[in-house]
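Colleague: I am new to this structure and would be grateful for a close look at a single part of it. Please take me through the small sheet and the helix that comes after it in the sequence.

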Amino acid sequence: MDTFDVIVIGGGNAGLCAALAAAECEARVLLLERAPQELRGGNSFVTAGAFRFPYSGLDDIGELVRDRVLRTPEKIEIGRYGEEDFLSDLQRVTQSRSDPALGRALVSQGFPTMKWLRQNGVEFTLAYDRQSFLVEGRHRFWGGLIVKVRGEGPELVDTLYRACQRRRVAIQYGAHATGLQREPGGSWQVQTVVNERHWDYPGRAVVLACGGFEANAEMRAAHLGPRWKPVKVRGTPFNTGDGIRMALAAGAQPYGDWSGCHAVAWDINAPDVNTRRVGQHYERDSYPLGIYVNTHGERFVDEGADFRNYTYARYGQEIMRQPRQIAFQIYDQKVVPLLKKPYTLPGTTRIEAATWREVARQAGIEERGLERTVAEYNGAVNHSAFNPAIKDGKAAPGLRPPKSNWAARLDVPPYVCFPVTCGITFTYGGLRVTPEAAVVDGDGRPMPGLFACGELMGGLFYHNYPGGSGLMAGAVFGRLAGSGAARGRAPAG
């Protein structure tokens with residue numbers, strides 16, 4: 001069998017960027033995708049396609065997005081989001097645990113990588129539906145997250161596959177990588193199962209990009225805790241930790257937050273595993289506009305602690321701490337028009353009633369608990385002006401927990417309730433890599449010819465992450481891994 005210069009394991013955003021970058025360096029590249037072609041793309045396929053990156057203003061966004069509103073600044077407000085802003089957000093939400101060197105690489109390469117994606121055919125648009133509110137005739141974007149892929153995850157995946165094919169990347173679908181062996185001459189053998197047959201693919205360098213272990217129930221139970229074993233998987237069912245396991249067996253160093261994960265509020269009746277590649281249909285993250293309660297009718301988080309994109313990936317973990325691992329998002333008619341589109345889609349689990357007692361009865365919440373919580377909350381809401389596009393300081397102080405922003409009284413029936421549970425997206429623990437995406441061994445030395453990118457990298461996210469930084473990290477470190485693998489493909493002696 002021919003020896004490839006670079007073998008990329010995993011065909012989502014990170015792996016595709018790695019394969020594309022390696023091919024641009026004129027390497028012979030093989031991409032191994034575990035899924036069949038119709039299910040390709042990993043978690044990237046089911047994302048909303050939002051990318052977080054530093055920008056200095058409208059001119060930077062104009063390099064990526066074609067939108068006439070960018071020429072009428074009186075109709076749009078995006079502000080500035082510099083490199084230090086991004087770094088500050090990353091350290092703030094990870095409780096200062098994020099690896100500084102990885103964070104600096106992510107931030108410094110963010111905007112150049114966005115331009116590189118654009119040059120390779122990825123079309124971006126302003127994220128009106130996810131990251132802005134229309135306030136007094138002006139689109140006000142919030143949370144430093146402005147841009148998403150036109151056509152979201154499916155179009156991102158399809159565009160990157162087309163770019164790889166133009167660069168003559170060889171693609172093998174249905175290839176389940178099971179082992180990684182370093183050869184005496186310095187090259188690698190990737191052991192795989194393809195259509196129930198065993199194949200060994202030789203490569204001078206390997207890029208691991210096959211995700212975390214969120215779809216592996218046993219690994220979830222071992223590292224996240226027993227209650228995580230039955231959790232709903234909102235992404236691909238193929239991310240079962242194989243890349244991490246193979247690399248550790250080859251001598252790689254584990255790193256990062258192995259007990260942490262990206263986990264969100266997910267419709268209580270969503271399927272257990274996302275085998276049909278449903279995107280944002282079951283997403284429930286308009287909670288800053290209302291309140292969260294558990295089955296006792298008690299609030300358990302500050303729904304307005306920060307913009308949604310800084311808390312949504314952590315609040316799924318808070319739901320897992322509640323009785324029966326379920327919670328309820330409560331709204332009144334004043335804010336219903338502001339809820340995001342997934343709340344209105346067919347199949348949404350929704351309860352609507354004229355009284356809190358009837359809401360509680362239908363939802364299975366303790367009636368007195370819910371009535372008491374709503375009364376205490378309404379009595380605590382201050383008289384500041386409500387503005388969903390800024391941290392408006394409209395708070396409900398004095399409660400435990402308080403609500404710090406966007407606290408509007410719940411007093412306009414009929415009231416609506418959305419029962420939710422947790423949906424896990426990806427895990428934070430993984431492999432230690434250098435800022436150039438080279439895998440590090442147990443002694444802290446880069447392993448020649450072995451690179452990693454995407455969700456199996458450890459050390460970047462702890463406890464939480466800033467929304468949109470997952471796809472950005474996959475693209476940045478995928479590009480670094482692919483180019484590094486191509487440049488260093490001649491094996492050491």
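Modeller: Two strands are taken to pair if DSSP finds at least two bridges between them. The model is a predicted one. On that basis, three strands form an open sheet of mixed pairing, in the order S4-S7-S6. Strands S4 and S6 are the edge strands, each pairing on one side only.

One of the pairings is parallel: S4, residues 76-77, joins S7, residues 138-141, over two bridges. Within S4, Ile76 stands opposite His139 of S7, and Glu77 stands opposite Arg140 of S7. The other pairing is antiparallel, with four bridges between S6, residues 132-135, and S7. Here Ser132 has Phe141 of S7 as its bridge partner. The hairpin of S6 and S7 has two residues between the strands, and Glu136 takes a positive phi near 55° there.

The helix to consider next is H3, which spans residues 83-93. Its buried residues are Phe86, Leu87, Asp89, Leu90 and Val93. Viewed down the axis of H3, these buried residues fall within an arc of 160°, so they line one face of the helix. An α-helix has 3.6 residues a turn, so residues three or four places apart point the same way. The cover over the buried residues of H3 includes helix H4 (100-119), helix H9 (308-320) and helix H12 (469-487). Just after H3, Gln95 takes a positive phi of about 55°.

Notes
Residues numbered from 1 in each chain as written. Predicted model: local features only at pLDDT ≥ 70, side-chain atom pairs only at ≥ 80, totals over all residues. Heavy atoms only, no water. Buried < 20%, exposed > 50% of the residue type's maximum accessible area, 1.4 Å probe, protein only. Arc of directions from axis to C-beta. Contact = heavy atoms within 4.5 Å.
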